[in-house]
Amino acid sequence: MKLDGTPDLQPQALLFLDFDGVLHPNRCPEEQLFCNLPLLATVLADFPQVGLVVSSSWRHTVAWEALRARFTPPLAGQLVGFTPTAAPGIAFAREIECERFVEAFCRYRAAAMLPWWALDDMPAWFRPLSDRLIPCAPDRGFDEGTAYRLDRALRQHFGGEPPS
């Protein structure tokens, strides 16, 4: 697990990000990697108080600074760390990794538990009917429909009207 981020950033919620099947389609050509980041940036432009956490398996093979370099401002400034790894074979591993990160992050910041959501293309890694998961279609990743669901969840939590 890594806790990082801008010292001034005091997130009021966390969003966990998978990469493959979310920030780009699964098994896409290299030139399409992270092609969905601009749409994510558009949604999050109204929510600078949301900290971003890498939950992707990329966290095991790519250095933190190289991961951060994939994100352009202001998203790069919203990155606060990456999740720990759950024990092999544990049920609902990704959701448990997210919960462990939230607990450690809030303890580290001496803050109350934060609300959180996860963008992921693997619903089986979360408890059935988890209200924290915003699922993505693996062949498209974060698309307009997913963007709408994320925007709606954030607006319901923070208040505010959707842009017209």
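In this predicted model, P74 lies in the loop between α2 (64–69) and α3 (75–78). The peptide bond that joins P73 to P74 is cis, with omega near 0°. Most peptide bonds are trans, and most residues other than glycine have a negative phi.

Positive phi values occur at several sites. F92 sits in the loop between β4 (79–82) and α4. Its phi is positive, at about 55°, although F92 is not a glycine. F92 is partly exposed, with a relative accessible area of 30%. L129 is found in the loop between β5 (116–120) and β6 (133–135). Phi of L129 is near 60°, again positive in a residue other than glycine. L129 is exposed, and its relative accessible area is 85%.

Helix α4 covers residues 93–108. At 1.5 Å a residue, its 16 residues should span 22 Å. The end C-alpha atoms are 22 Å apart, so the expected and modelled spans agree. Many residues of α4 are listed as buried, including A93, I96, C98, F101, V102, F105 and C106. The charged-letter positions R94, E95 and E97 are also buried. Just after α4, A110 takes a positive phi of about 50°.

The structure holds zero disulfides. C28 is in none; the nearest cysteine sulfur, that of C35, is 6.0 Å away. Because a disulfide requires sulfur atoms within 2.5 Å, this separation rules out a bond. C28 is buried, with a relative accessible area of 16%. C136 is likewise in no disulfide, and its nearest cysteine sulfur, that of C35, is 12 Å away. C136 is buried too, with a relative accessible area of 6%.

Methods: Residues are numbered from 1 along each chain as its sequence is written. This is a predicted model: local features need pLDDT of at least 70, side-chain atom pairs count only at pLDDT 80 or more; totals for chains, interfaces and linings use all residues. Side-chain values use heavy atoms; hydrogens and water are left out. Helices (H or I, at least four residues) and strands (E, at least two) are DSSP runs, numbered from the N terminus. The expected span of a helix is 1.5 Å times one less than its number of residues. Buried means under 20% relative accessible area, exposed over 50%, partly exposed in between (1.4 Å probe, protein chains only).
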